[in-house]
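Q: Could you take a close look at one part of this protein for me, namely how its domains meet? I'd love a connected walk through that region.
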Amino acid sequence: SRARITLDRDFTIGEVPRRLFGSFVEHMGRCVYTGIYEPGHPEADQNGFRQDVLKLVKELGATVIRYPGGNFVSGYNWEDGIGPRENRPRRLDGAWHTVETNAFGLHEFVDWSKQAGTEIMEAINLGTRGVDAAREIVEYANHPGGTYWSDLRAKNGHKDPFNIKLWCLGNEMDGPWQIGHKTADEYGRLAQEAAKAMRFVDPSLELVACGSSNSGMPTFGAWEQTVLTHTYDEVDYVSLHAYYQEHDGDVGSFLASAVDTDYFIESVIATADAVRAKGKHKKHINLSFDEWNVWYQRGLDTEDQPHNVIKAGWREHPRVIEDKYNVTDAVVVGTLLNSLLRHGDRVKIANQAQLVNVIAPILSEENGPAWKQTIFHPFARMAELAKGQILRLSVDSDKYSNSRFGDTDLVDVSATWNEETGRVALFFANRGLEEAADVEVALRGFDARQVLRAEVLEIPEGGDRLTINTQDQPGRVGLTALEGVKATGSELRLTLPALSWAV
Ligand code: AHR
């Protein structure tokens, strides 16, 4: 197939928000326990933090990490995770039908984040709890001292405040599965009052209101409108969550998933701006896409990872939703990242869900190794190279037809320009299953003299579109040099192999 892309140095969308390359650590399955934290593991430090996993987290380049849930947070008492470990209660977590030991809590996450070099995005429980717990955790985390909660933090080992700026007001409160699920009016009012009380303690907070759990929710649109009508003055962001998977072998539609991401983002922007107009507000509400990924929600049902977690009984950190990602998934993840980046003028935060083991770019075995999944690569490269200005693109690509989204571009692309280094970075996906794509990029206003780097993720020799990385073959799917990329000053030419992601 063929694609012609035009970009212009003067046509920019805005600065790349570094928080677009966020991730998510939930107390779910083996994300925390035997993921980032495993005392006694040969690679664990004195805190129990696995250094082999941390090394991969740094290579992934995640910038901000949401914690501690997810559905988990809606039944979580944050106080259970502070103070001497031997006094911390063991609790039932109803969201994932798990026994939570609370061996890992807020202090451990703060210490781990410092080692990882990542910002914290803390979610509060607006399922079973409310305004009081919301203001108290802010006092505990951010108040300098001389009060009950801030002195308790000091007593528990952290004299200096944690200074957590970014907070989620609950999680997926529109979902009937959520503990303490609410109507949009109930949630909107609660979020408004919680936000006020949190800001009374620390006015510098940035707050995220819950939007819809996905664009197919029956309340989608109306939910955002009602919630933002209540909370407009108190919050800065509204959240979006989306997970995609291949249904019944319809790979064409799966590869076009980012069409839904575009639709979802653009619809939420339109709704937020309509509330702005109606309420005569001045500021804009931005978007926090704080859960996204490929997730095989149907089809995974093995004995050690039963889909029905309740059937399996109460367990400590069981294996749940440890999806193994293949080449196709990596290409889809590349297109989802493209969609986020193309909307970087309004999507200011995004968190791939999750970081380790649970629908994650990194897998780790208890007392064993850690390795990269296929989806690690597009994320890591984009986090590394998407810097400076996002470029507005004109894309003229051959199309293919799929049952869910109709005619869809075969070549998907996003691009950035770093004024400081003079570098342009282009991120491509070829959705064509059989055919390579010849791409021409018109580089208006640039004089492209050198291709500094060109890499591709494609089907490895002897593999197919379902090939994955395993503990024994962790490098089976990775990045290799993309040959034959030519820069001629005002034009770039390259060929993308069938079903590939390239930078
Ligand atoms: O990331 C897994 C789960 O997906 C989260 O706990 C929840 O918020 C979403 O439904």
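A: Happy to! In this predicted model, the domain assignment divides the protein chain into domain 1, made of 2–9 + 390–502, and domain 2, which covers 18–385. Their C-alpha centres are 30 Å apart. Where the two meet, 31 residues of domain 1 are in contact with 33 residues of domain 2. On the domain 1 side, at least two residues each come from β16 (399–402), β18 (411–418), β19 (423–430), β21 (455–457) and β25 (500–502). Sorted by class, that side of domain 1 has 17 nonpolar, 9 polar and 5 charged residues.

Now for what is buried. The largest nonpolar core counts 150 residues, and L169, L355, I362 and F428 have the most contacts inside it. The element that gives the most to this core is helix α9 (residues 327–342), with 9 residues. Both domain 1 (2–9 + 390–502) and domain 2 (18–385) supply residues to the core, so it lies between them.

F428 deserves a closer look. Setting aside neighbours within four places in sequence, F428 is in contact with V411, V413, V439, L496, W501 and A502.

For a helix to set beside this, try α2 (residues 106–116), whose buried residues are L106, F109, W112 and A116. These residues cover an arc of only 125° around the axis, which puts them on the same side of α2. Among the elements covering them are α1 (51–60), β3 (64–67) and β6 (119–123). After α2 comes G117, with a positive phi near 75°.

Definitions and conventions. Residues numbered from 1 in each chain as written. Predicted model: local features only at pLDDT ≥ 70, side-chain atom pairs only at ≥ 80, totals over all residues. Domains from an automatic or database assignment. Contact = placed C-beta atoms within 7 Å. Helix = DSSP H or I, 4+ residues; strand = E, 2+ residues; numbered from the N terminus. Nonpolar A, V, L, I, M, F, W, Y, C, P; charged D, E, K, R; others polar. Core = buried A, V, L, I, M, F, W, Y, C linked by C-beta atoms within 7 Å. Buried ≥ 20, exposed ≤ 12 C-beta atoms within 10 Å, placed from the backbone. Arc of directions from axis to C-beta.
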